[in-house]
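Welcome! Here is a short tour for anyone meeting this structure for the first time, with the main points grouped by topic.

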Amino acid sequence: MQTLKFYKDHLITPRNLVVVFDHGPPVTVLNNNSRFEYIADLLRKESFDDVPEAVDKALAIEKQTKGKFTVVNGTVEIDGETLPKSLSDKLLEFVDNMLETGPLERFWGNLKENPTQSAREDLFSFLEANRVALTVDGCFIAYKKVRDDWWDSYTGKTYKNVPGTLVKMDRNKVDSDRRNTCSAGLHVAAWEYASGFTGNRIVEVKVNPRDVVAVPEDYQNQKMRVCQYLILRQTNQPYDGSIYEPAIFNLK
């Protein structure tokens with residue numbers, strides 16, 4: 001656990017604010033930080049007891065997650081395991097926006113069920129390279145381009161991608177070699193890649209991290225092969241939130 005610190009003094013300017021605590025160096029928060037106005041408001045209201053948590057990310061993480069996530073020597077841990085950078089960054093995004101972190105905890109739990117170590121590492125690359133929304137049950141949102149009649153763009157006859165449909169294939173039939181860019185498997189992608197692919201409709205898909213098999217090493221980590229996904233809805237733009245909020249079907 002982090003050592004408690006207490007507010008001592010502060011200075012607010014149009015460009016930043018500086019907070020002095022009873023121990024440790026002063027902390028500067030720039031005005032482009034998402035928490036700047038929140039912290040400044042606490043200082044103006046003299047809510048000094050709330051300032052340490054608002055300024056200190058480590059304290060904020062531990063308090064907001066009720067000790068589930070901890071910060072040890074600058075790295076985030078959960079249940080004694082160090083989180084990869086992409087997940088640590090996602091956690092900081094949740095904390096900065098004061099979002100409930102349960103979806104990230106459940107994502108981590110689902111991820112550990114993935115039997116392929118390389119697939120877990122590949123997924124970290126995908127998360128780091130793309131803005132990815134998580135679902136409340138610990139899955140994530142990706143995209144797919146399909147034909148007007150909802151059939152897959154590549155063959156036009158293998159998989160129909162109507163909203164509400166669970167598309168799946170045997171995991172052992174999906175190519176797990178990330179060096180193979182176009183190979184066997186169900187393909188989903190980040191918005192930038194999917195929107196430029198052949199087809200007429202773009203659909204949002206829900207993917208459980210345990211079902212990721214490979215992220216090909218080219219295409220800037222923007223597409224992947226999975227063994228199942230759930231079609232959510234047609235869309236004309238990427239989802240712009242951290243936690244996917246529309247009503248969704250459960251993914252078994």
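A good place to begin is a pair of helices: α4 (residues 85-96) and α5 (residues 102-111) pack at an angle of about 160 degrees, and their axes lie 10 Å apart. Please keep in mind that this is a predicted model. The chain as a whole has 7 helices and 13 strands, and the bullets below visit some of them.

**The chain as a whole**

- The C-alpha atoms fill a box of roughly 70 × 35 × 30 Å, taken along the principal axes.
- Of the 252 residues in the chain, 48% are buried.
- Contacts often reach across the sequence: among those between residues at least 6 apart, 64% join residues at least 24 apart.

**The pair α4 and α5**

- Two packed helices are described by the angle between their axes and the distance between the axes.
- With an angle of about 160 degrees, α4 and α5 are therefore roughly antiparallel to each other, since angles over 145 degrees count as such.
- The crossing of these two helices, α4 and α5, is right-handed.
- On the α4 side the meeting residues are L87, K90, L91 and F94, and on the α5 side they are P103, L104, F107, W108 and L111.
- Sorted by class, this contact of α4 with α5 has 8 nonpolar residues, no polar ones and 1 charged.
- An α-helix has 3.6 residues a turn, so residues three or four places apart point the same way.

**A closer look at K90**

- K90 lies in helix α4, and K90 is also among the residues of α4 that meet α5.
- Is K90 buried or exposed? Its relative accessibility is 12%, which is under the 20% cut-off, so K90 counts as buried.
- Leaving aside neighbours within four places in sequence, K90 is in contact with L104, V132, A133 and L134.

**The sheet β1-β2-β3**

- Strands of a sheet pair through backbone hydrogen bonds, either parallel or antiparallel.
- Here 3 strands form an open sheet in the order β1-β2-β3, with antiparallel pairing.
- Its edge strands are β1 (7-12) and β3 (27-30), each of which pairs on one side only.
- From one strand to the next, the twist averages 20 degrees.
- Helix α1 (residues 36-44) packs on this sheet and touches β1, β2 and β3, with a direction that makes about 55 degrees with that of β2.

**How those strands pair**

- β1 and β2 (residues 16-21) pair in the antiparallel sense over 5 bridges, and a hairpin of 3 residues joins β1 to β2.
- Two matched positions help to place this pair: Y7 stands opposite F21 in β2, and the bridge partner of I12 in β2 is L17.
- β2 and β3 are antiparallel too, paired over 4 bridges, and L17 stands opposite V29 in β3.
- The hairpin of β2 and β3 has 5 residues between the strands, and G24 in the turn has a positive phi of about 85 degrees.
- Which side chains of β2 are buried? Along this strand they alternate: L17, V19 and F21 point to one face and are buried, while N16, V18 and V20 point to the other face and are not.

**The sheet β4-β5-β6**

- Another group of 3 strands forms an open sheet in the order β4-β5-β6, and the pairing is antiparallel.
- β4 and β6 (81-82) stand at the edges with a single partner strand each, so one side of each is left without a neighbour in the sheet.
- β5 and β6 run antiparallel and are joined by 2 bridges, with E77 opposite T82 in β6.

**Helix α3 and its surroundings**

- In helix α3 (residues 57-64), the residues A58, L59, A60, I61 and E62 are buried.
- What do the buried residues of α3 pack against? Their partners are α2 (51-55), β4 (69-72), β5 (75-78) and α4.
- Just after α3 comes K66, which takes a positive phi of about 55 degrees.

Notes: Residues numbered from 1 in each chain as written. Predicted model: local features only at pLDDT ≥ 70, side-chain atom pairs only at ≥ 80, totals over all residues. Heavy atoms only, no water. Axes fitted to C-alpha atoms, helices over the stretch in contact; angles between N-to-C directions. Parallel < 35°, antiparallel > 145°, perpendicular 65-115°, else oblique. Left-handed = near helix turned anticlockwise from the far one by under 90°. Contact = heavy atoms within 4.5 Å. Nonpolar A, V, L, I, M, F, W, Y, C, P; charged D, E, K, R; others polar. Pairing = 2+ DSSP bridges. Buried < 20%, exposed > 50% of the residue type's maximum accessible area, 1.4 Å probe, protein only.
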